[in-house]
Amino acid sequence: MTSTSGGKHISDWEFYQGIGICPRCRKNKLYGSEKQCPGCSADMYVSVMRNREKEHYNQTHREWGRKTYQDRKEKGICTRCGKRKPDNGFLTCGICRKKGRDYRYAREGKPGRMEHVINGLCYFCGNPVKKGYKVCEKHYRMCVKNCTGRQDV
């Protein structure tokens with residue numbers, strides 16, 4: 001706020017406009033009924049146009065992404081890389097899923113499975129391991145059952 005000689009307060013914007021100086025840059029003179037100098041008007045125009053172009057670009061890119069996704073899905077190839085066939089029951093290949101999973105875990109700060117093993121925790125769930133193994137008692141029984149087909153383990 002700037003104070004005038006009459007004691008009332010007016011904004012800096014109104015003050016500079018009142019004395020004929022551009023209130024934005026506070027350097028150039030105003031001509032006629034302009035609210036900003038020509039240089040500041042040009043800067044504002046560029047800024048507005050840049051934002052309009054950004055919105056247009058974002059819209060066209062979004063449309064391209066949706067179209068590419070649908071095309072790859074119809075062709076039966078990975079929707080992310082477009083190079084390999086997707087795994088059964090998925091729309092992406094194993095490599096792309098692993099990259100996405102690794103990125104997500106790194107971003108969220110979740111430990112990977114090998115970090116579990118290094119710290120002496122179960123490979124699958126992160127619980128303490130059975131002595132001499134990389135898995136806990138529960139997952140050890142499940143692995144033996146799946147490998148041997150025995151139900152009594």
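Me: What radius of gyration does the protein chain have, and what would a compact globule of 153 residues have?

Reply: The general idea is to set the value against a rule for globules. In this predicted model, the protein chain has a radius of gyration of 33 Å, whereas a compact globule of 153 residues would have one near 15 Å. The spans of the C-alpha trace along its principal axes are about 95 × 45 × 20 Å.

Me: How many of the contacts between residues at least 6 apart in sequence join residues at least 24 apart, and what share of the residues is buried?

Reply: One reads such figures as shares of a total. Of the contacts between residues at least 6 apart in sequence, 0% join residues at least 24 apart. Buried residues make up 14% of the 153 in the protein chain. The accessible surface is about 12300 Å², and 52% of that area belongs to carbon and sulfur atoms.

Me: Which elements make up the protein chain, and in what order do they run?

Reply: The elements are listed from the N terminus on. There are five helices and two strands, in the order β-β-α-α-α-α-α.

Me: How should the span of helix H2 be checked against its 38 residues?

Reply: The check compares an expected span with the distance between the end C-alpha atoms. At 1.5 Å a residue, H2 should span 56 Å; because its end C-alpha atoms are 55 Å apart, the two values agree. Helix H5, residues 137-148, can be treated likewise: its 12 residues should span 16 Å, and its end C-alpha atoms are 16 Å apart, which agrees.

Me: Which residues come just after H2 and H5, and what is the sign of phi there?

Reply: One inspects the backbone dihedral at the residue after the helix. H2 is followed by Gly76, with a positive phi near 80 degrees. Gly149, just after H5, also takes a positive phi, of about 80 degrees.

Me: Where does Gly76 lie, and what does it touch?

Reply: Gly76 belongs to the loop between H2 and helix H3 (94-108). Neighbours within four places in sequence aside, Gly76 is in contact with Lys85 and Pro86. The C-alpha atoms of Gly76 and Thr60 are separated by 24 Å, with their positions 16 residues apart along the chain. Gly76 is partly exposed because its relative accessible area is 32%, and the partly exposed class runs between 20% and 50%.

Me: Is Pro86 buried or partly exposed, and which residues does it touch?

Reply: The class follows from relative accessibility. At 23%, Pro86 counts as partly exposed. Pro86 also lies in the loop between H2 and H3, where its contacts, not counting residues up to four places away in sequence, are Gly76, Ile77, Cys78, Leu91, Thr92 and Cys93. From Pro86 to Cys96, 10 residues apart in sequence, the C-alpha to C-alpha distance is 9.4 Å.

Me: Why does Thr79 count as buried?

Reply: Thr79 is buried because its relative accessible area is 12%, and buried means under 20%. Thr79 is found in the loop between H2 and H3. Not counting residues up to four places away in sequence, Thr79 touches Tyr69, Arg72, Lys73, Leu91 and Thr92.

Me: In which loop does Gln36 lie, and is Gln36 buried or exposed?

Reply: Gln36 is in the loop between helix H1 (12-18) and helix H2 (38-75). With a relative accessible area of 18%, Gln36 is buried. Leaving aside neighbours within four places in sequence, its contacts are Cys22, Arg24, Leu30, Ser41 and Met44.

Me: How many positive and negative side chains are there?

Reply: The protein chain has 34 positive and 15 negative side chains, and the centres of the two sets are 7 Å apart.

Definitions and conventions. Residues are numbered from 1 along each chain as its sequence is written. This is a predicted model: local features need pLDDT of at least 70, side-chain atom pairs count only at pLDDT 80 or more; totals for chains, interfaces and linings use all residues. Side-chain values use heavy atoms; hydrogens and water are left out. Helices (H or I, at least four residues) and strands (E, at least two) are DSSP runs, numbered from the N terminus. The expected span of a helix is 1.5 Å times one less than its number of residues. The radius of gyration is taken over C-alpha atoms; the globule rule is 2.2 Å times the number of residues to the power 0.38. Buried means under 20% relative accessible area, exposed over 50%, partly exposed in between (1.4 Å probe, protein chains only). Contact means heavy atoms within 4.5 Å. Accessible areas come from the Shrake-Rupley method with a 1.4 Å probe; for residues, only the protein chains shown count as cover. Lys and Arg count as positive and Asp and Glu as negative; His and the chain ends are not counted. The place of a charge is taken as NZ of Lys, CZ of Arg, CG of Asp or CD of Glu.
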